[in-house]
Amino acid sequence: MHMADALLSPAVGVGFWAASGTVLAISSSKVRSDPREYLVPLMGVLGAFVFAAMMINFTIPGTGSSGHIGGGLLLSILLGPYAAFVVIASVLTVQALFFADGGLLALGANIFNLGVFPCFIGLPLIYRPLLKRAGALTFKRRMAAITVLATVISLQLGALGVVTQTQLSGISSLPLSAFLLLMQPIHLAIGLIEGLATATLIHFVREARPDLFVDDGATGMSSSPSKFPTKLIVGLGVLALVTAGVFSWFASSQPDGLEWSIARVTGRPELDATESFVHMRLADFQKNLALFPDYKFSFDAKDAVQEPTKQKEGATTAPEAWPAVDAGTSLAGVVGGLATLSLVTLVAYLLRRRRKEAVSVGTGD
Amino acid sequence: MSSIQSALNDFASLDALATQQTALSGLDPRAKVLATLGFIIAAVSFDRYAIAALLPFALFPVVIAVLGEVPLKPIGTKILVAAPFAIMVGVFNPLLDHKPLFEIFGISVSGGWVSFASILIRFALTVAAALVLVATTGFHQICVGLARLGVPQVFTTQLLFLHRYSLVLAGEVSRMNLARELRGGAKSLPLIVYGPMLGHLLLRAMDRSQRIYQAMISRGFNGEIRSSRVLHWRTSDSLFLAACWFCFMGARQFDLSHLLGAILLGRVT
C-alpha cells in the first residue's frame with residue numbers, strides 16, 4: 001500500500017527521503033561495480049515486467065476477489081538485493097509520477113517501505129538462509145513456503161512502516177492501535193496471496209530455465225552472494241525515524257500529534273521546557289512577520305486548543321485561544337476560501353483565453 | 001482488458017503532452033522539478049486543520065497546467081482514481097475527532113471533518129503538481145534533470161529503461177491477456193494458469209534484455225544513456241524558480257484566503 005503525501009508531514013517525508021536516498025546511492029554504486037555487464041538492460045526490462053505483471057490479476061483461492069503481485073521479493077531473487085532495490089525505486093518513481101500512486105514527498109517513505117524490507121530483510125535474512133537448510137519437505141514445497149514467509153514478513157514490516165510514518169506525521173487522527181489493527185491483518189492476507197503467486201511464478205521459471213538459478217536456487221541470476229550491510233540498513237531506518245522525530249518537533253510551531261504521542265509514550269511532558277521555548281520563538285517570529293497578526297494568530301491559536309494534553313504550550317497563545325471558534329473568523333475563512341477558488345478559476349480562464357487568441361491571431365496571419 | 005489498455009494510453013499520453021511547444025518548454029527541467037518539490041513541501045507543511053490557507057496553492061498546478069497546455073480533465077480523472085488510500089485513512093478523522101472547531105451559519109463543524117477535508121485538498125494539490133510536472137516536462141527530460149541534480153546515474157538510466165520498456169511489455173501482456181480472454185478465459189485467472197502465463201512473459205523479457213544488451217554494446221554503450229539535448233540553466237530559470245518559491249513561502253506564511261475573506265467582509269480597516 002502506498003503512503004500518500006497528504007498524510008505526511010514534511011519532516012517525516014524528508015527524513016525518509018534521506019534514508020532511501022542513502023540506500024539508493026549505496027545500491028547504485030554496488031550495481032555500477034557489479035561484474036554482470038548485462039545487468040543494466042536486464043534491470044530495465046524486469047522493472048517493466050513488474051509493471052506488466054501488476055496489470056494481470058489472478059483469482060484469490062476461496063474468495064471471489066483477485067489480486068496482483070508487488071514484485072519486491074521476485075526482483076530480489078532474480079537480481080540480487082542492490083539491483084532489485086534500484087529497480088523497485090524506479091518502479092515506485094514512475095508510479096508516483098504517472099499514476100499518482102503515493103506522491104513525490106512520500107516517495108522516500110514508499111521506497112523505504114516497499115524496497116528496503118524485501119531486498120534487505122526478506123531476501124538475505126529469510127529467503128536465502130532458510131532455503132539453504134535441508135528440510136523434510138520437497139524442494140518445491142519448501143521453496144513455496146519460504147517465499148510466502150519472506151513475502152509476508154516484508155509486507156508486514158512495510159505496513160508497519162506506513163503506520164509509523166502516518167503516526168509520526170500526525171495528520172490522520174487514527175490512534176496507533178486502531179491503525180495497526182487495520183493495516184497488519186489486511187497485509188497479512190495480501191502477503192499470503194502475493195507470496196503464493198510469487199512462488200508459482202518462481203517455480204515455473206525454475207522448471208523452464210534451471211540455468212538461471214545458479215546455486216540451489218537461492219541466488220537467481222545474481223553473482224556470488226555478498227555480505228549484507230543489514231546493520232547499516234537497520235541503522236538508516238532508525239536514523240530516519242529519529243531525524244523525522246527531531247525535525248517534526250523543531251519544525252512544529254504548534255503542538256501536534258507527534259508531541260502528543262511522545263507525551264503518551266513517555267508518560268511525562270518532559271520535553272516541555274525546550275519545546276515551549278522553540279514554540280515561543282516561532283510565535284514571536286510569526287507575530288513580527290504577520291501583516292495582520294489578528295487573523296494569523298487566531299488561526300494559530302485554534303490549533304493550540306486542539307491538544308488538551310499540551311496546555312503548557314497553549315499558555316503562550318491561550319488568551320487568544322477561544323476567539324478562534326468565533327463565527328466571524330470562520331466566516332472570513334469560508335468567504336476567503338471561496339473567493340480564492342474563484343480567483344484561481346478566473347486566472348486559468350483568462351490565461352487560456354489569451355492563449356487561444358494568440359493562436360488564432362497567429363494562424364490568421 | 002479495457003482497463004489495461006486505458007492505463008497504457010494514459011501512460012503514453014501524459015508523456016506525449018510534454019512534446020508540445022509551450023510557454024514552459026523552454027524552462028530547464030531542473031527548475032520545474034525543484035519548483036514542484038518546493039510546492040509539495042510547502043503544501044504539506046500546514047497544520048492538520050488548514051483548509052482555507054491551502055486553497056491559494058491551487059493556483060500553481062492550475063497556472064502551470066494552463067501555460068503548459070495540459071488538458072485539465074485527464075489530470076482530474078487521475079486524481080480521482082488515485083484517491084482511495086487518502087480517503088480510507090482520512091475518513092476516520094470525522095469519526096474520531098468530534099471537537100467542534102468552528103461554527104458556520106449556525107452549524108458547528110467538528111475538527112475531524114475539517115482535517116478530513118484538509119487531507120483531501122492536500123492530496124489533490126500534491127498529486128496534481130506531480131502529474132502536471134510530467135505533462136509539462138516529459139519523463140526523459142526529468143531524468144536528465146535529475147541526473148544533473150546529482151541523482152546516481154545508475155538510477156536515472158534505470159528510470160529511462162523502465163519507461164521505455166514498460167510500454168513494450170505492457171503491450172505484450174495486454175495481447176496475451178486478450179488472446180486468453182477470447183478463448184473463454186475469465187477476467188481474473190486461477191494461480192495454476194497465472195504462474196505459467198506470467199512465467200513465459202518473464203522468460204521472454206529476460207531474453208529480450210539479452211538482445212537489447214547485445215544491440216547496445218554493438219553501438220558502444222558504456223553504462224549511461226546520452227541525451228542530445230544539453231541542459232542550460234538560464235536567468236529565466238532562476239527567475240521562475242525564485243518566483244515560485246517566493247509565492248509558496250508567502251502563501252505559507254500568510255493565510256491569503258482569510259485575508260481575502262476579511263477584506264471582502266470589510267473587517268480590515
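Here is a short chat about chain B, which is a predicted model.

Student: What makes the count of helices and strands in chain B what it is?
Tutor: A helix needs a DSSP run of at least four residues and a strand at least two. On that basis chain B has twelve helices and two strands. Read along the sequence, the pattern is α-α-α-α-α-α-β-β-α-α-α-α-α-α.

Student: How do you know how chain B stands against a compact globule?
Tutor: The rule takes 2.2 Å times the number of residues to the power 0.38. For 269 residues that gives a radius of gyration near 18 Å, but chain B has 23 Å. So chain B doesn't match the value of a compact globule. Its C-alpha trace spans about 75 × 50 × 30 Å along the principal axes.

Student: Which domains does chain B have, and what separates their centres?
Tutor: The assignment gives domain 1 (19-137 + 234-269) and domain 2 (151-231). Over C-alpha atoms, 35 Å lie between the two centres.

Student: Why are some residues of chain B called buried, and what share is that?
Tutor: Buried means under 20% relative accessible area, and 54% of the 269 residues in chain B are therefore called buried. As for what chain B exposes, that's about 11800 Å², with carbon and sulfur atoms supplying 66% of it.

Student: What makes a side chain in chain B count as positive or negative?
Tutor: Lys and Arg go in as positive, Asp and Glu as negative, so chain B ends up with 22 positive and 13 negative side chains. The centres of the two sets are 7 Å apart.

Methods:
Residues numbered from 1 in each chain as written. Chains lettered and ligands numbered in written order. Predicted model: local features only at pLDDT ≥ 70, side-chain atom pairs only at ≥ 80, totals over all residues. Heavy atoms only, no water. Buried < 20%, exposed > 50% of the residue type's maximum accessible area, 1.4 Å probe, protein only. Areas by Shrake-Rupley, 256 points an atom, 1.4 Å probe, with all protein chains shown as cover. Charge placed at Lys NZ, Arg CZ, Asp CG, Glu CD. Domains from an automatic or database assignment.
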